[in-house]
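The following exercises are to be worked through with the sequence and the coordinates at hand. Each task is followed by a solution in steps.

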Amino acid sequence: MRFSLVLSLLRPVGPVVVGVSLGFTLSLLSVTWVEEPCGPSQGSLRDGGVEQQQQQQQGGQGNAARKPNSVPAGVGMEPGQSWEPRVLPYKPPNPGKTAKKTIRTRYISTELGMRQRLFVGVLTSKNTLHSLAVAVNRTLGHRLERLVYFTGTRGRKVPHGMMVVTHGDERPIWNMYQTIKYVLDHYIVDFDWVFLVQDDTYTEAHRVTRLASHLSIDTLLYMGRPEEFIGGDTQGRYCYGGFGYLLSRALLLRLQPHLESCRNDILSARPDEWLGRCIIDYTGVDCVAEHEGLRYQYFELGKNTDPEKESDPQFNAALTVHPMLDPLQMYRLHRHFARVELERTYQEIHQLQISVPDYPVSLSFFSFPTIFTILGMEKKETGLGLDCDNHFVRDAYLAADVELRDAYLAADVELLEIQNTSSLSADGDLSAMWPIGIAPSFQPKTRFEVLRWDYFTEEAAFACVDGAPKCELRGADAADVADVVAAAIEELNHRYQPVLHVRKQQLLNGYRRFDPTRGMEYTLDLQLELVTQKGHSRSLLKRVHLLRPLSEVEIIPMPYVTEASRVNVILPLTAPERDYASRFLEVYAAAAFENAENAVLTFLFIYDPFEAQQVAQNDVFGAVKARIAEYEQRYAQVKIPWISVKTDAPSQIKVMDIISKKHPVDTLFFVAGVSTEVTTEFLNRCRMNTINSWQVFFPIHFQGYNPTVAFRNQPSPLSGLDLVRDAGHFDRDAFNEACFYNADYMAARTRMAADAQDNEDILETMDIYDLFVKYSNLHVFRAVEPALLQHYRPQNCNPRLSEEQYHRCVQSSLEGLGSRAQLAMVLFEQEQGNST
């Protein structure tokens with residue numbers, strides 16, 4: 001009775017007790033019996049940990065069981081370090097706070113932290129900059145990513161094509177300190193390795209680059225020819241500077257905070273020894289000639305050594321050769337090493353040719369199943385059995401295949417003739433080009449020089465001038481695509497007729513790029529319809545490559561011009577524009593008056609009849625004339641003349657007629673606008689691009705966008721107008737600024753006189769650009785001018801202009817508001833505001 005009572009009481013809690021007991025049992029089985037880590041710790045790896053790990057790998061578990069959710073303690077892990085996940089609370093963004101715009105880098109490599117491999121710095125001097133340094137640049141500069149020359153002082157002229165950094169002092173230690181500091185400040189972010197060498201050393205660029213490419217970028221490495229210190233108590237060895245030395249980025253970053261201490265505390269007579277002491281004292285890294293099986297090869301050249309007769313194996317394997325006595329010796333050495341490198345390349349090509357099996361080349365354009373399918377005689381489609389019709393199919397295929405083989409044999413014979421002809425040249429078969437006689441494609445040396453392929457179809461282009469992702473093909477672009485597709489179909493028919501007739505069905509993909517050395521290259525993916533002589537057809541996809549080569553380059557002789565000509569800057573000013581004259585004077589004074597520029601500024605005040613009558617009582621240009629007087633007092637050597645004109649219909653030609661009569665015929669004019677920022681750089685280009693009796697110059701200025709649109713919800717930059725895409729654009733519809741000689745203007749104006757008598761309105765509807773285009777035989781040079789900036793200013797277009805000029809004025813005013821993206825954002829915000 002009692003037992004049944006107890007059993008009835010325990011029955012409800014029985015499953016709970018069994019579950020708890022089972023849980024404890026499983027937990028005890030999964031925990032470790034001895035408190036030891038699963039994997040070997042840092043100490044165990046040193047003291048027998050390897051043997052214990054090997055025993056566990058051979059099948060034994062040792063005396064430890066794995067903890068649940070445990071991670072082996074690796075080398076360098078702190079004991080007791082927690083690996084538990086840390087949950088961060090989510091904080092919703094504040095709706096009233098404007099989200100900060102994410103600024104992406106221009107290149108993905110910058111965002112990912114990818115760096116270039118090798119930076120090379122050449123230590124030169126004022127005496128050898130124009131001799132040995134030039135020889136180094138001609139033998140080394142075109143093979144490296146970045147080459148910079150460091151000198152204490154230099155002359156006024158710098159050799160062409162060389163980047164020279166001047167430290168301002170000839171002390172060797174000071175120059176070495178400034179060189180390391182300059183590299184740390186400007187190039188350490190972009191390069192993994194720094195190679196420093198003297199200008200009296202020949203460097204084999206390919207071998208140095210290969211050495212750097214095989215070294216780990218995180219290594220603290222100081223590599224060169226080790227030398228013992230002379231005297232002192234410094235332990236270790238430094239790298240002798242004559243043969244150059246390689247410094248890792250990690251080493252220079254560790255040395256950077258101690259560089260100033262090295263300059264103040266370390267005394268040495270040699271710059272390479274000073275650098276070695278600094279590296280050893282503060283990083284503990286010695287100079288080494290070998291690292292991880294890679295050896296720094298060098299060779300010391302004798303005084304009367306002939307490179308062609310040198311038989312030492314170390315000479316042909318050297319990275320650097322020192323010393324070089326003169327540039328001629330360096331050029332001879334460069335020729336020798338170029339020949340050695342070329343022979344090594346040919347040997348590698350020969351070995352590759354031997355290792356690759358010699359497969360036969362197929363001469364048929366289509367394989368057998370493809371031809372069979374094109375003929376429409378597949379058994380599955382036609383249901384033909386093995387009867388006489390099959391013989392017809394086979395004969396048709398054989399005939400087509402034979403004709404195709406003959407066509408391709410002819411093409412192959414032509415190709416072989418090209419190769420045989422090219423084998424007689426200096427480069428051998430490597431000089432074979434496609435198309436024949438056209439320069440090979442441009443080969444970029446860095447990723448910044450890679451030419452971009454633009455994608456297009458028959459209806460749209462996906463690389464637009466205004467930055468839009470897609471735009472309709474119109475005008476010359478549409479004609480270009482149609483012409484290229486037609487040329488591709490014509491060439492295919494010329495090649496395969498009469499066996500096959502090719503028809504275009506669709507252009508699937510199109511790619512084009514402009515190669516400045518060749519022309520416009522095209523790659524087309526065409527969907528074609530192939531029709532046999534029997535009338536059978538089949539669709540096929542085919543990729544073709546085409547080239548529209550540049551026309552023959554013609555060297556046009558140009559008269560000699562200098563930058564010594566005086567520029568007469570003409571600024572026409574109307575009453576609505578007088579408020580902008582103060583800004584123009586301020587910018588012009590900083591560029592011309594303070595630099596004593598050879599230029600004269602002339603104001604042309606344009607009054608309408610009513611304003612001219614009120615000059616005595618209320619001169620609308622009185623404030624501007626007062627500002628002119630202030631600048632004449634501030635700059636005693638400056639005189640700013642001004643001319644007053646009364647007209648009710650101001651035009652460029654009428655204004656220039658007045659100015660032209662008051663200046664000699666050899667005067668160089670620059671007609672500016674009140675919003676134009678005149679710089680010294682532009683004035684020099686105005687002088688160089690304007691040639692008397694030969695050429696006039698119409699620059700395309702950089703027009704700033706409306707600040708309320710371009711810098712919406714953010715302050716405008718205080719530095720002024722920046723030459724960036726979001727700040728403005730080059731206004732191709734503006735023709736107001738012009739550089740020309742007075743004699744050329746008078747000659748064009750004389751030719752225009754007859755038409756002006758028949759139609760007096762032509763003086764008001766025509767501008768100076770149209771005058772030179774229609775009434776002169778001069779070169780009208782028009783190009784973008786980055787040194788000519790113009791801030792945004794609302795402008796009113798004169799309705800008396802011709803229809804074309806009025807349309808250009810309106811278009812310029814509209815495009816000056818902002819970019820498509822900025823205007824779209826303004827519309828989007830307005831729609832968002834209206835919807836709320």
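**Exercise 1.** In this predicted model, determine the strand order of the open sheet of three strands, and find which strands stand at its edges.

*Solution.* Begin with the order, which reads 5-13-12, the pairing within this open sheet being mixed. Strand 5 (202-203) and strand 12 (298-300) each have a single partner strand, so one side of each is left without a neighbour in the sheet, and these two are the edges. Turning next to the contact between strand 12 and strand 13 (residues 320-322), one finds that they run parallel and are joined by three bridges. At the level of residues, Y298 has T320 of strand 13 as its bridge partner.

**Exercise 2.** Establish how many disulfides there are, and describe how the bonded cysteines are paired in sequence order.

*Solution.* Taking sulfur atoms within 2.5 Å as the criterion, the count comes to five disulfides. When the bonded cysteines of the protein chain are numbered in sequence order, the pairing is 1-4, 2-3, 5-6, 7-8, 9-10.

**Exercise 3.** Characterise the disulfide of C239 and C287 by its geometry, its place in the chain and the burial of its two residues.

*Solution.* The sulfur atoms of C239 and C287 are 2.0 Å apart, and the link is right-handed, with 100° about the S-S bond. Because C239 belongs to strand 8 (residues 237-239) while C287 sits in the loop between helix 11 (271-283) and strand 10 (290-291), the pair ties together parts that are 48 residues apart in sequence. For burial the cut-off is under 20% relative accessible area; C239, at 0%, is therefore buried, and C287, at 2%, is buried as well.

**Exercise 4.** Is C464 buried or partly exposed, and how does C471, to which a disulfide joins it, stand in this respect?

*Solution.* The S to S distance between C464 and C471 is 2.3 Å, and the torsion of -110° about the S-S bond goes with a left-handed link. The relative accessibility of C464 is 14%, so this residue counts as buried, whereas C471, with a relative accessible area of 28%, is partly exposed.

**Exercise 5.** Locate the disulfide of C797 and C809 and state its handedness.

*Solution.* The two sulfur atoms of C797 and C809 are 2.0 Å apart, and the torsion about their S-S bond is about -90°, so the disulfide is left-handed. C797 lies in the loop between strand 28 (779-790) and helix 27, and C809 in helix 27, twelve residues apart. Both C797 and C809 are buried. Helix 27 (residues 803-815) also contains S813, which at 23% relative accessibility counts as partly exposed.

How values were computed. Residues numbered from 1 in each chain as written. Predicted model: local features only at pLDDT ≥ 70, side-chain atom pairs only at ≥ 80, totals over all residues. Heavy atoms only, no water. Helix = DSSP H or I, 4+ residues; strand = E, 2+ residues; numbered from the N terminus. Buried < 20%, exposed > 50% of the residue type's maximum accessible area, 1.4 Å probe, protein only. Pairing = 2+ DSSP bridges.
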